[in-house]
Amino acid sequence: MQQHKLYINGEYTDSAGTEWIDIINPSTEETISQIPKGTKDDVDRAVDAAFQAQKAWELTPNIERGKIVRKLGDKIAEKRDTFIDLLQEEQGKSYELASGEIDLAIDYFHYMSEWARRIEGEILPSDRPNENIFVYKKPIGVVAGIIPWNFPVFILARKVATALVTGCTIVIKPSQQTPNTAMEFTKIIHEMSELPAGVYNVVTGTGSEIGNALASHEKVQMVTLTGSVPAGTKVMEAAAKNITKVNLELGGKAPAIVTQNADLDLAARAIATSRLANNGQACTNAERVYVHDSVADEFTSKLITIFESKVMENPRLNKQADVGPLVSQDRLDTVHDMVETAISEGATVAIGGERDKSQSGFFYKPTILTNVEHDSTIIRDEIFGPVLPITTYSTLQEAIEKANDTEFGLSSSVYTADLNEAMQVVNEMKFGETYVNRENFEAVQGYHAGMRKSGLGGADGKHGLEDFLVTQVVYMQYKNNN
């Protein structure tokens, strides 16, 4: 069993602490590796290394940084199969989704590398004679990247590629549940002589220890975290000490509206994909369905048929498996407790509703709940598992109001063949993303951001890149020799 080390200033190093964290395969419940339970002293060393490397990295020509970022994508591609296997082992993804995540991470490094020549400032006219106003875009500085367990490779790419191409240095904290893919990526970093020591650093450990130490560090200029609302709240509290910028993608409770004019086959397929992707463990997953009462029975029947067809097995042993395990025993218990609460509040189990005890691992059967009231717990709280509550509505305005009635604001969707209905929903929905007649998943050139408690700032595309930049305005006086 492998015991990983920290990676600081271009070297593998032991932690100042002596404790270890076991990494569990959620499909088998076996311990597959260990990571150091890092300390504040480890964070100090890593941030100091990043801080010292920042000046030279920022002055490296943009095009050279872009070439390095692209090469990182190329190197992941060379080890594609290794990354897929590690991802399936530590996180329980289906083969299709694991391979898709690795390919998306490769694409992300390639895409962000292309921005090296596109970071632009401005020249503005001045109100004074013999003066120009220059607006520069510069790297924000040392970035702390806190990686979640549900998409550990793609979100590492999202944070690392953007930081490096903009001229920032970075310290990442992988999830304490899925660090093995991050440590495999670190091997690529270590073998690349083009990347100066200290530009990329890794400290493993718990969120309460490492996350807090990073967010409160005076030399960290931005914390980018993908995680839960409680984790985001703690990061904001810690960052407030130094007025450190935070970039947060937090929870979601994505509504899906199905109108009486929807293609019900399309809606059922897309919503099933949006609910069961990553075993229901994604912030953008469809978390609740509002279906017009005139088509509710037909739609629900189609959805049940799709759920019944899904194969749930250890995805490393069966490439055709559609659904794998939840990430941990705690997650399994939480999802089951939420279903039990929903039943006690009047919901009906149409399919699933229980653990799969026929195999080892943290498996929960794909579940559909009907007769669910809008004010029930399962409609209001994030599930983060393969459970889908369905409720009905009579008017589109009612559906929109119920969809917006949430503390979250990340993703949403609507299914209709009526352009007027689609435009009404798009214009009135209060979510960072709205998908029309398709499954929920963002594009690298888009902008992934939430409203309300779903986060601050965003990622992807031009607007996500700008979060890693700060603005310097120069008022340049010159002498007119005429």
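In this predicted model, the lining of the largest pocket is made up of 18 nonpolar, 15 polar and six charged residues. The volume of this largest pocket comes to about 1200 Å³. Its lining numbers 39 residues, and those closest to the pocket centre are W149, Q177, G227, S228 and A231. Two or more lining residues come from each of the strands β4 (20-25) and β11 (222-226) and from each of the helices α7 (207-215), α8 (229-239) and α11 (329-344). Both domains take part here: domain 1 (2-250 + 454-474) and domain 2 (255-436) each contribute at least three residues to the lining of the largest pocket.

A second pocket also deserves a look. The second largest pocket holds about 600 Å³ of space. Of the 27 residues around it, E96, L97, T273, A277 and N278 lie nearest the centre. At least two lining residues are supplied by each of α4 (95-113) and α9 (264-276), and α4 provides the largest share, with six residues. By class, the lining of the second largest pocket has eleven nonpolar, ten polar and six charged residues. Because domain 1 and domain 2 both give residues to this lining, the second largest pocket lies between the two domains.

Attention now turns to charged pairs. Side chains of opposite charge can pair when their charged atoms come close. In this model, the count of salt bridges comes to 25. One of them joins R80 and D103, whose closest N and O atoms are 2.7 Å apart. This pair connects distant parts of the chain, as R80 sits in helix α3 (residues 80-91) and D103 in helix α4, 23 residues apart. R80 is partly exposed, at 26% relative accessible area, and D103 is also partly exposed, at 34%.

Another salt bridge brings together the side chains of R355 and D333, with an N to O distance of 2.9 Å. R355 belongs to the loop between β15 (348-351) and β16 (367-370), while D333 is in helix α11, so the pair ties together parts that lie 22 residues apart in sequence. R355 counts as partly exposed at 25% relative accessibility, and D333 is partly exposed with a relative accessible area of 25%.

A salt bridge within a single helix is formed by K402 and E398: both lie in α13 (residues 396-404), four residues apart, or about one turn of the helix. Their closest N and O atoms are 2.9 Å apart, and E398 is partly exposed, with a relative accessible area of 23%. Elsewhere, K79, E184 and K187 are joined into one network by salt bridges that share partners.

Key
Residues are numbered from 1 along each chain as its sequence is written. This is a predicted model: local features need pLDDT of at least 70, side-chain atom pairs count only at pLDDT 80 or more; totals for chains, interfaces and linings use all residues. Side-chain values use heavy atoms; hydrogens and water are left out. On a 1 Å grid over the protein atoms alone, a cavity is a set of points where a 1.4 Å probe fits but cannot get out, and a pocket is an open set with protein on both sides within 12 Å along at least five of seven lines; lining residues have an atom within 4 Å of a point. Grid points are joined across faces, edges and corners, and a volume is the space filled by probe spheres set on the points. Ala, Val, Leu, Ile, Met, Phe, Trp, Tyr, Cys and Pro count as nonpolar, Asp, Glu, Lys and Arg as charged, and the others, Gly among them, as polar. Domain bounds come from an automatic or database domain assignment. A salt bridge is a side-chain nitrogen of Lys or Arg within 4 Å of a carboxyl oxygen of Asp or Glu. Buried means under 20% relative accessible area, exposed over 50%, partly exposed in between (1.4 Å probe, protein chains only).
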